[in-house]
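Please work through the following exercises on a protein model, with the sequence and coordinates at hand.

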Amino acid sequence: MAETGKTMVDDGWLAARSTDIHLTGTQLTTTHPPAGATSPWMEAVVPGTVLATLVKNKLVPDPFYGLENESILDIANAGREYYTFWFFTSFQCKLSENQHVDLNFRAINYYAEVYLNGHKMVLPEGMFRRHSLDVTGMLHSDGKNLLAVLVHPPNHPGTIPPEGGQGGDHEIGKDVAAQYVEGWDWMAPIRDRNTGIWDEVLISVSGLCWNLQPVKIVDPHLVASFFDNYKRVYLHTTTELENRSSWVADCSLNIQVSTELEDGIFLVEHLQTQHLSISPGTRVQYSFPELFFYKPNLWWPNGMGKQSLYNVSITVEVKGHGESDSWNHPFGFRKIESHIDNATGGRLFKVNGQPIFIRGGNWILSDGLLRLSKKRYQTDIKFHADMNFNMIRCWGGGLAERPEFYHYCDIYGLLVWQEFWITGDCDGRGIPVSNPDGPLDHELFLLCARDTVKLLRNHPSLALWVGGNEQTPPPDINTALKYDLRLHPDFAVFDENGQSMEDLSPVLRDPSQYLDGTRVYIQGSMWDGFANGKGDFTDGPYEIQNPENFFKDDFYNYGFNPEVGSVGMPVAATIRATMPPEGWQIPLFKKLPNGYIEEVPNPIWVYHKYIPYSKPGFVHDQVLLYGTPKDLDDFCLKAQLVNYIQYRALLEGWTSRMWSKYTGVLIWKTQNPWTGLRGQFYDHLHDQTAGFYGCRSAAEPIHVQLNLATYFIEVVNTTSTDISNVAIEASVWDLEGTCPYYKVYDKLSVPPKKTVPIIEMKYPKSKNPKAVYFLLLKLYNKSDYGILSRNFYWLHLSGGDYKLLEPYRSKKIPLKITSKVLITGSTYEIQMHLQNTSKKPDSPNLISEDFQNTSKNSFIARAGDDDYNKTAAVPVHGGTNEKHGIGLFQRICSRFSKEADGAGLKVIQMNGADVGVAFFLHFSVHASKKEHKEGEDARILPVHYSDNYFSLVPGETLPITISFEVPPGITPRVTLNGWNIHGDYNVHQDG
């Protein structure tokens, strides 16, 4: 007898090109099954695509490496049959009488014929729909079952014009499928157009024992409604129930809500049982009586509070026979509202009644070959949370993201803007104009949209639905979506004058009876509070900017920018790992008559959509501000300096005008689904750029920053509580290691949800300011000197550059690194403290009473930082008293090690005779190897750093936590590099 429940069918899949198989599906699943992975059969990637399978079997080169994509046949030239593939597997499932089994495909692209033990079924067209096949009568009595699936590509794969373009020739827009596959200005074409079984396949068994009437639970909908300032909360639940037997099913329908107190210990908050009878062969909708909660733990976005989740489980039992089916889902109590803000014209979001300033990014998908996994999703989403982002926009040319993506957004607190599959480029606004009426089959589009809503609607992270990217759906689709996604009155959108902005009729009694009913639907990404709100192309820009421009009045004139992008050069190791040596050539710097520089990249960089670090006529080359790069390593390091400044300035510029001019911004984009060279904070191999940490700094919930246009020091408080009795310490450090400027501004208060300018930083106006200097800002509590925010800048005088930093590389700054390693299975966590031990020269600034007080600083841990300590540096300002500094350092170390006399700690001294800032330090983790071939990538990825690309002023100490998983048989080593640390300095190595 098969056990009730769900079983993944994800092992043992084989694949073969359809034209190489001269057997029918019936023969493949009866008399002539493939014997194994022998030609023409091969091991298949399921979930995945045909192209992913071909790459896995080395039958085509890696399309993301160098120019190899050009050597792979495009479907436009090869024909659709070339990428029509058989997929085959076997599975065990033996049923008892009256048990039922469904074969479920969560998504395929684009349609398929399914053969099970000789029986044929059809999976209709559409990339974004679920398929459930009742195969009860098709299973073999011995439990051994053969399954073959013939998958066909999209009907309109299109051709790729020589000049490329946004969505190729736009033909893919005629199908209900991902549109990026024809290529974009950030993406090369995907040759098979993502044909394949690209999401999970599972077997679900309902019914338990002899003579049981099997009843199936279908698409429950959970909705919470809130009253009395979130004290009274009701959980509404509606589900469909299907009785596929020939008997009346007398059912007990149970719902249980529990919360995890600690690992493995759960508290049952509610347990309710309802009784009903379901006629044979029918599907009914049933709504539970609402469940009451008093002050439940609320789910909050990243930076606003904890992501509290309850577990909701539903079971159906048939009288006299036991459990027939079960369903469970994490659920977060939260209410999301939005309206168009009168002050800014931008869309303003509220979560649980609190305004949230949106700082996030645009997302295409995790991998262009749809090699999607829980592990990769977890890394992707955690990276976004680590950057202190609070929203991800799922762009309309990509996917309806998978439940695993949403699960980790629920866990890490990322709100999600989910778009449907419309883009201006492919649906009526591209050049040339094509598909003005969108996809050919409007009913199919709506079927996929409704099914997607049912798939995702129970996730608290899902914040809004949007009709399309830079375009609205065709009128009939748009009208249908507006109706289907209309809001229940409990979630109605009101403007600031209290007027309803929605048609509230007809009204259903229970909000869980709506298709969604809780989230706003916006018709397009540049409408109704986004960009200029009217659909004009008023998002962007997408190029390098002068950092101070982000703060200027005329930079961007609308309240919420859904897309603003810039550069995204990865580190040199990634270039070497993803390109042959001819791709390691750095750009030529061509001087133009107007004095600006035009970068001329090599052809491989052009193919990988490189964005230059100059904009002739507007922005001088930002890499050349540091001097002409000598080689790839030098170029990439200087590019990281620019990445950090560029993206920190972008977010700080927007946050400087929080609520007065802006309600939010989404950066284009956070990552690439391939080895692209633009718009990313981490590369396709999962190594972060310095821009990642620039964003992490700028998007802190409480943040001190320098307005680069006015040079006013500002404090940002995005939290819902006052900040009072705080102070700001501003210290300037020159290239000689002295501190010519030191100020403390105390007795400060900052209201909640405000950005407050404090005072002008006047060092550049002082007598004989240095051409290049460092500025360290710290915001701290006066009561205990606990640091709330730390922000480090490198700056030059107006009209200058950073070329004086080039000779600064020769400085040898002494460092002390104390570390402790914690190993759990294959997971390493390395806790370190780095101290710049260079001695500060005597200075009146450094012996002031305020400065002596700040020497006691410690960091305030942020609520919800469970993965690692996300706090920043702990300064040690003890004048020239080295003994005092070391004593404080030992006390800091005791925070992460309670062992007596420092047992278990490793101390490394990096000698140096110079005094000054240890500049732009960064860690990396590698596999230890005796021999290293040129271009070989020995990095261990991904790695989570509590901070990276950081700097230390004399006497300063910084806690860093590094966590990573080590592959089997690999010995890790951790290295430190930096602007004035030459080579990779080993700070940890096993063995």
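The exercises below treat overall form, surface patches and backbone geometry.

The model is predicted, so local features need pLDDT of at least 70 and side-chain atom pairs count only at pLDDT 80 or more, while totals for chains, interfaces and linings use all residues. Residues are numbered from 1 along each chain as its sequence is written, and side-chain values use heavy atoms, with hydrogens and water left out.

**Exercise 1.** Determine how the radius of gyration of the protein relates to the globule rule.

Step 1. The protein has 14 helices and 47 strands (DSSP runs numbered from the N terminus: helices are H or I with at least four residues, strands are E with at least two).
Step 2. The radius of gyration is 30 Å, close to the 30 Å given by the globule rule for 991 residues, so the protein is as compact as a globular protein of that length. The radius is taken over C-alpha atoms, and the rule is 2.2 Å times the number of residues to the power 0.38.
Step 3. The C-alpha trace spans about 90 × 65 × 60 Å along its principal axes.
Step 4. Of the 991 residues, 63% count as buried (buried is under 20% relative accessible area, exposed over 50%, partly exposed in between; 1.4 Å probe, protein chains only).

**Exercise 2.** Identify the residues of the nonpolar patch on the surface, and place L267.

Step 1. L261, I265 and L267 form this patch, with about 270 Å² of accessible area together. Patch residues have over 30% relative accessible area and no salt bridge, and nonpolar side chains (Val, Leu, Ile, Met, Phe, Trp, Tyr) are joined within 5 Å, like charges within 9 Å. A salt bridge is a side-chain nitrogen of Lys or Arg within 4 Å of a carboxyl oxygen of Asp or Glu.
Step 2. L267 belongs to strand β14 (residues 265–278).
Step 3. L267 is partly exposed because its relative accessible area is 39%.

**Exercise 3.** Locate the cis peptide bonds before P432 and P541.

Step 1. I431 and P432 are joined by a cis peptide bond with omega of about -5 degrees, and P432 is in the loop between β24 and α6.
Step 2. G540 and P541 are also joined by a cis peptide bond, with omega of about 0 degrees; P541 is in the loop between β26 (520–522) and β27 (560–565).

**Exercise 4.** Is K58 buried or exposed?

Step 1. K58 lies in the loop between α2 (50–56) and α3 (75–78).
Step 2. K58 counts as exposed because its relative accessibility is 72%.
Step 3. Although K58 is not a glycine, its phi is positive, about 60 degrees. Most residues other than glycine have a negative phi.

How values were computed. Areas by Shrake-Rupley, 256 points an atom, 1.4 Å probe, with all protein chains shown as cover.
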